[in-house]
Amino acid sequence: GADLVFDASGNPMVTAMTGDPLLDVIPFYCGVNDVGLWTRSGGTWSSQSVVTSSGEANTGFAPSDFGEVVGYWPSIALDASGNPAIVYKDVHAGSIQSDDLRRADLELAWNSGGGWQNIAVDYGEGGGDYNRIRFDGQGRPHIAYYRATEDRTMPTLGVWMTRSLDQGTTWQKVRLFPTGTSEGPDFVFDPMTGAPLVAYYNSERGFPQLAELTDDANFESAADGWTISDMGNSRYDEGYRTTLAISPGGTVAAAYYRCTLASLTLGDCKPADDALIFAYRDRGTWVHEVVDPGDDFGLCGQYPSLAFDANGVAHIAYQCEETTGGTITNQVKVARRATAL
């Protein structure tokens, strides 16, 4: 994974994994293994390894503090002072041990002005896939993520949300979707209420849903603190890789991949039925637009990323398979909405 943010001066900051293989330390793991950060200023790029070892986010729990492979699924955001915070997954010995993924940790590296601070957010439970971090209007970090493992003694598998009200010292957690899914969550803050809105793919019903925090005091209870609503068109299996954005005018919008008709097998995507979908909320109702239906030979609309420009025009980058001379190739395309929201 990789993620991108721009600072107040418009300079890009990119986070992804880096670091040379450590074959003398982990003999059977030959991949990158650090949390990397690349920044550009004055047209020149610089890079650094922000986290290099599992033990930097010390927990006192030996299985969580062991290992050198950190940085899976990184996501970056800037706090109220413009300082970077990177959330990532710690997989210890890189999955060559039986419990590296089962006991993986969700961790945070936060440079809050006095250097990098390493924080264990959710450790020992396999969390940290498809991470997304944002700061709310009060400067408090919120993280949406996925736990890919199940535990017989306690609920773990599913889409989770966590936040800290005390600068990372303690964390509140809630499981919003209690089963497995192949797609990660995304979230934004409601421009009217400031409450988090979390979108995810409901793998049991085959369409996207939105979880909205409606009772702040019950953040940790999905049943009492959150309202779950449907975002998609029930005629289709859709909502894969849902991405959210807020227009300058305050409209909540989403882009996602439509796979096939709901009457067919979920996940068995058909080129004739699939499409890139743009949706926006209008007075409580979701309006859906087909951006690109593709052709009948390749899948189109996968892995979308949505953003608004300063004028309120939506832009979506996505993957589309196109047929040229009888050969199907993957293309990265960008669509721009004709009118603003």
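The questions and answers below deal with a sheet, salt bridges and aromatic rings in a predicted model.

Me: In what order do the strands of the open sheet of 3 strands stand?
Reply: Strands of a sheet pair through backbone hydrogen bonds, either parallel or antiparallel. In this open sheet the pairing is antiparallel. From one strand to the next, the twist averages 20 degrees. The order is S21-S22-S23.

Me: Which strands stand at the edges of this sheet?
Reply: An edge strand here has a single partner strand, so one side of it is left without a neighbour in the sheet. That holds for residues 300-308 and for residues 327-336. The edge strands are S21 and S23.

Me: How many bridges join S21 to strand S22?
Reply: Strand S22 covers residues 314-324 and runs antiparallel to S21. Phe308 stands opposite Ala314 in S22. The number of bridges joining S21 to S22 is 6.

Me: How many residues apart in sequence are the parts tied together by Glu125 and Arg103?
Reply: Side chains of opposite charge can pair when their charged atoms come close. Glu125 and Arg103 form a salt bridge, with 4.0 Å from N to O. Glu125 lies in the loop between strands S8 and S9, and Arg103 in the loop between strands S6 and S7. The pair therefore ties together parts whose separation in sequence is 22 residues.

Me: Is Glu125 buried or exposed?
Reply: Buried means under 20% relative accessible area. The relative accessible area of Glu125 is 16%. Its salt-bridge partner Arg103, at 24%, counts as partly exposed. Glu125, by contrast, is buried.

Me: Which residues are linked with Asp186 in a network of salt bridges?
Reply: Asp186 in strand S13 forms a salt bridge with Arg132 in strand S9, 54 residues apart, and the closest N and O atoms of this pair are 3.6 Å apart. Asp186 also forms one with Arg134, where the closest N and O atoms are 3.2 Å apart. Arg134 is in strand S9 too, 52 residues from Asp186. The residues linked with Asp186 are Arg132 and Arg134.

Me: What is the relative accessible area of Asp186?
Reply: Both arginines of the network count as partly exposed, Arg132 at 30% and Arg134 at 25%. Asp186 is buried, since a value under 20% is what that word requires. The relative accessible area of Asp186 is 4%.

Me: Which ring has Arg134 over its face?
Reply: Besides its salt bridge with Asp186, Arg134 sits over an aromatic ring. The distance to the ring centre is 5.6 Å. The ring belongs to Phe187.

Me: What kind of aromatic pair do Trp73 and Tyr130 form?
Reply: The ring centres are 4.5 Å apart, with 45 degrees between the planes. Planes under 30 degrees apart count as stacked and over 60 as edge-to-face, so an angle between these limits has another name. The pair is tilted.

Me: Which residue joins Trp73 and Tyr130 in a cluster of ring pairs?
Reply: Trp73 lies in strand S5 and Tyr130 in strand S9, so their pair ties together parts 57 residues apart in sequence. Trp73 is partly exposed at 31%, whereas Tyr130 is buried at 15%. The residue that completes the cluster is Tyr146.

Definitions and conventions. Residues are numbered from 1 along each chain as its sequence is written. This is a predicted model: local features need pLDDT of at least 70, side-chain atom pairs count only at pLDDT 80 or more; totals for chains, interfaces and linings use all residues. Side-chain values use heavy atoms; hydrogens and water are left out. Two strands pair if DSSP finds at least two bridges between them. Helices (H or I, at least four residues) and strands (E, at least two) are DSSP runs, numbered from the N terminus. Axes are lines fitted to C-alpha atoms, for helices over the stretch in contact, and angles run from 0 to 180 degrees between N-to-C directions. A salt bridge is a side-chain nitrogen of Lys or Arg within 4 Å of a carboxyl oxygen of Asp or Glu. Buried means under 20% relative accessible area, exposed over 50%, partly exposed in between (1.4 Å probe, protein chains only). Rings of Phe, Tyr and Trp (its six-membered ring) pair if their centres lie within 6.5 Å; planes under 30 degrees apart count as stacked, over 60 as edge-to-face and the rest as tilted. A charge sits over a ring if NZ of Lys or CZ of Arg is within 6 Å of the ring centre and within 35 degrees of the ring normal.
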